[in-house]
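The following exercises are to be worked with the sequence and the model at hand. Each task is followed by a solution in steps.

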Amino acid sequence: MRRRSVLLIPVVILCLIGIWILTPDRSQKSPLPSKKTLTENEAEEENPGKAADQNFEMTKDPALGYPPTQRKIEAYRQMQEMMPAQDFITESAIPGVEWTERGSDNVGGRTRTLMWDPNDAESKKLWAGATGGGLWYLNDISDPTERWPHATGIMDNLAISAITYDPTSPKTFYLGTGLAFTNDIRGEGIWKSIDGGETWSQLESTADNGAFSYIQDIQVTGTGTLLAATLSGIFRSTNGGESWTVTQAGRMADIEVASNGNVFATSGVNSSGRVFVSTDDGLSFEDISPETN
């Protein structure tokens, strides 16, 4: 028995040597690295919000301490003045070259607000506002092949947060701008159209006005009164946005007009939420929040 064991030892050794020779170089790393457990500091460094912080620092005006996004309005106006009178979109930068869009057409963005066009008798036209991509519309929502064009007469990169129309003048539209929940994108006040969305202009009363930098919602009551919920309170206008009065202070979040004309509003953007009601067309508000919860 002992002699047999002794004879097996060289065989085992030879087998081990063969396995070692045939085994790939272990110094090569596996193509599938093991999952790394991030430390708290590493996780913080990989936070996607850091990209937004970096962009903020790169685009801010040192004298102001924040990115002067309101200046793009003047830049936009200057650009339009510099444009030739003819339709430059039809001109090609490279003669003889044609471009075909390849998509994608099914990727959604941060759509913040929607509105059915009140001037469409068939209720098929829809308007959509994106927080960082401007205003879009669709003429026939029932057609799955129709494309979404950008609205003309308005900047494509406005942060649209709200859209509404005046029930007493259905071709009068209003746009609110600014992303308030995270303060990511400063808005540029309220924009108005009096021709059903064909052309737009910024309300001078809201231009370069910090109180209208972050608009959460806008509504028009049955009397034509314009209400805007902002981080500074609810602003009320009875002359189409030419002038305003504050009728409810606080960081407001939403406005809804009931069928009986009562106006409901809420606060609570990064703060405790409250519910308010107005029975006098938004002139004054009463806190109707429950005592608990």
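**Exercise 1. Characterise the surface patch formed by I94, V97 and W99.**

Solution. The model is a predicted one. Step 1: I94, V97 and W99 form a nonpolar patch on the surface, and together they have about 370 Å² of accessible area. Step 2: V97 is placed in the loop between α4 (71-82) and β1 (111-116). Step 3: the relative accessibility of V97 is 35%, so this residue counts as partly exposed, since that class lies between 20% and 50%.

**Exercise 2. Describe the protein as a whole: how many helices and strands does it have, and what percentage of its residues is buried?**

Solution. Step 1: the secondary structure comprises four helices and 15 strands. Step 2: of the 293 residues, 33% are buried. Step 3: the accessible surface amounts to about 19300 Å², and carbon and sulfur atoms contribute 54% of it. Step 4: among contacts with a separation of 6 or more, 40% involve residues 24 or more positions apart.

**Exercise 3. Classify the ring pairs that F212 forms with F235 and W244, and state which parts of the chain they tie together.**

Solution. Step 1: the structure holds five aromatic pairs. Step 2: the ring centres of F212 and F235 are 4.7 Å apart and the planes stand at 50°, so this pair is tilted; the tilted class covers angles that are neither under 30 degrees nor over 60. Step 3: F212 belongs to the loop between β7 (201-202) and β8 (215-220), whereas F235 belongs to strand β10 (residues 233-237), so the pair ties together parts that are 23 residues apart in sequence. Step 4: F212 is buried because its relative accessibility is 2%, and F235 is buried because its value is 9%. Step 5: for F212 and W244 the centres are 5.2 Å apart and the planes are again at 50°, so this pair is tilted. Step 6: W244 lies in the loop between β10 and β11 (245-248) and F212 in the loop between β7 and β8, so parts 32 residues apart in sequence are tied together. Both F212 and W244 are buried.

**Exercise 4. Starting from Y137, identify the aromatic cluster to which this residue belongs, then follow K125 to its salt-bridge partner.**

Solution. Step 1: Y137 forms one aromatic cluster with W127, F173 and W200. Step 2: K125 lies over the face of Y137, at 5.0 Å from the ring centre. Step 3: K125 also forms a salt bridge with D117, in which the closest N and O atoms are 3.9 Å apart; this satisfies the cut-off of 4 Å. Step 4: D117 and K125 are both buried.

**Exercise 5. Examine two further salt bridges, K60 with E57 and D287 with R274. Are their residues buried or partly exposed?**

Solution. Step 1: the count of salt bridges comes to six. Step 2: in the bridge between K60 and E57, the closest N and O atoms are 3.0 Å apart. Step 3: K60 has a relative accessibility of 29% and therefore counts as partly exposed; E57, at 48%, likewise counts as partly exposed. Step 4: the side chains of D287 and R274 meet at 3.2 Å, N to O. This pair links distant parts of the chain, with D287 in strand β15 and R274 in the loop between β13 (263-267) and β14, 13 residues apart. Step 5: D287, at 38%, counts as partly exposed, and so does R274, at 34%.

**Exercise 6. Locate T164 and G187, and list their contacts beyond four places in sequence.**

Solution. Step 1: T164 is part of strand β4 (residues 160-166) and, with 7% relative accessibility, counts as buried. Step 2: its contacts are M115, T172, F173, Y174, I218, Q219 and V220. Step 3: G187 is in the loop between β5 (169-177) and β6 (190-193) and is buried, with a relative accessible area of 4%. Step 4: G187 touches T177, G178 and S213.

**Exercise 7. What is the sign of phi in S123 and D281, and where do these residues lie?**

Solution. Step 1: S123, a residue other than glycine, has a positive phi near 55°. S123 is found in the loop between β1 and β2 (126-130) and counts as partly exposed at 46% relative accessibility. Step 2: D281, which is not a glycine, has a positive phi of about 65°. D281 lies in the loop between β14 (275-278) and β15 (286-287) and counts as buried at 18% relative accessibility.

Methods:
Residues are numbered from 1 along each chain as its sequence is written. This is a predicted model: local features need pLDDT of at least 70, side-chain atom pairs count only at pLDDT 80 or more; totals for chains, interfaces and linings use all residues. Side-chain values use heavy atoms; hydrogens and water are left out. Helices (H or I, at least four residues) and strands (E, at least two) are DSSP runs, numbered from the N terminus. Buried means under 20% relative accessible area, exposed over 50%, partly exposed in between (1.4 Å probe, protein chains only). Contact means heavy atoms within 4.5 Å. Accessible areas come from the Shrake-Rupley method with a 1.4 Å probe; for residues, only the protein chains shown count as cover. Rings of Phe, Tyr and Trp (its six-membered ring) pair if their centres lie within 6.5 Å; planes under 30 degrees apart count as stacked, over 60 as edge-to-face and the rest as tilted. A charge sits over a ring if NZ of Lys or CZ of Arg is within 6 Å of the ring centre and within 35 degrees of the ring normal. Patches are made of residues with over 30% relative accessible area and no salt bridge: like charges are joined within 9 Å, nonpolar side chains (Val, Leu, Ile, Met, Phe, Trp, Tyr) within 5 Å.
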